[in-house]
Amino acid sequence: MKYDKIPGVVELYEHINFEGQVIVMVANHPDLRAYGFNDKVSSVKVFKGPTPQAGMKVRLHRDINYQAGYIEVKPGDEIADLRNSSLNDTISSIEFI
Ligand SMILES: [Ca+2]
């Protein structure tokens with residue numbers, strides 16, 4: 001894929017403590033089923049991208065198409081265990097805002 005700007009990078013891990021399979025996202029994606037990663041994410045890291053943008057955040061949504069609630073994360077955030085939120089093994093879409 002080709003991108004004009006990459007303000008942030010999100011790593012989504014299958015297991016807690018950044019283990020298991022990982023996928024890397026640099027833009028919105030409405031349906032993680034396309035990656036075989038629906039309802040699987042258990043830990044997350046967020047980084048600045050090569051074209052950082054002040055105030056950039058990423059919403060990790062419970063359902064596809066940015067529905068059903070989310071948590072918001074920003075560059076520098078590391079969530080080692082999503083079981084501490086209500087979103088472990090539920091995330092289905094990713095939105096950069
Ligand atoms: Ca879901």
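How many residues lie between strand 1 and strand 2 in their hairpin? Three. One residue in that turn, Asn17, has a positive phi of about 60 degrees. Keep in mind that this is a predicted model.

Let me start with the whole chain. There are seven strands and zero helices. From the N terminus on, the elements read β-β-β-β-β-β-β. The radius of gyration is 12 Å, and the globule rule gives 13 Å for 97 residues, so the chain is as compact as a globular protein of that length. Along the principal axes, the C-alpha atoms fill a box of roughly 30 × 25 × 25 Å. Of the 97 residues, 26% count as buried.

Now contacts. Take those between residues at least 6 apart in sequence. Of these, 73% join residues at least 24 apart.

Next, the sheet. Four strands make up an open sheet, in the order 2-1-3-6, with antiparallel pairing. Its edges are strand 2, residues 19-25, and strand 6, residues 78-79. Each of these edge strands pairs on one side only. As a reminder, strands of a sheet pair through backbone hydrogen bonds, either parallel or antiparallel.

Back to the hairpin. Strand 1 and strand 2 are joined in the antiparallel sense over five bridges. Two positions in the pairing are worth naming. Glu11 stands opposite Val24 in strand 2. Leu12 stands opposite Ile23, also in strand 2.

Let me stay with Leu12. Where does Leu12 sit? Leu12 belongs to strand 1, which covers residues 8-15. Is Leu12 buried or exposed? Leu12 is buried, because 23 other C-beta atoms lie within 10 Å and the cut-off is 20 or more.

What does Leu12 touch, leaving out residues up to four places away in sequence? The list is Val22, Ile23, Met25, Phe37, Val41 and Val44. Ile23 is thus a contact of Leu12 as well as the residue opposite Leu12 in strand 2. One distance to go with that: the C-alpha atoms of Leu12 and Val24 are separated by 6.3 Å. Along the chain, Leu12 and Val24 are 12 residues apart.

One general point on strands. In a regular strand the side chains alternate between the two faces of the sheet.

To recap. The chain has seven strands and zero helices. Four of the strands form the open antiparallel sheet, ordered 2-1-3-6. Strands 1 and 2 form a hairpin, with Asn17 in the turn. And Leu12, in strand 1, is buried.

Technical notes. Residues are numbered from 1 along each chain as its sequence is written. This is a predicted model: local features need pLDDT of at least 70, side-chain atom pairs count only at pLDDT 80 or more; totals for chains, interfaces and linings use all residues. Helices (H or I, at least four residues) and strands (E, at least two) are DSSP runs, numbered from the N terminus. A residue is buried if 20 or more other C-beta atoms lie within 10 Å of its own, exposed if 12 or fewer, and partly exposed in between; C-beta atoms are placed from the backbone. Two residues are in contact if their C-beta atoms, placed from the backbone, lie within 7 Å. Two strands pair if DSSP finds at least two bridges between them. The radius of gyration is taken over C-alpha atoms; the globule rule is 2.2 Å times the number of residues to the power 0.38.
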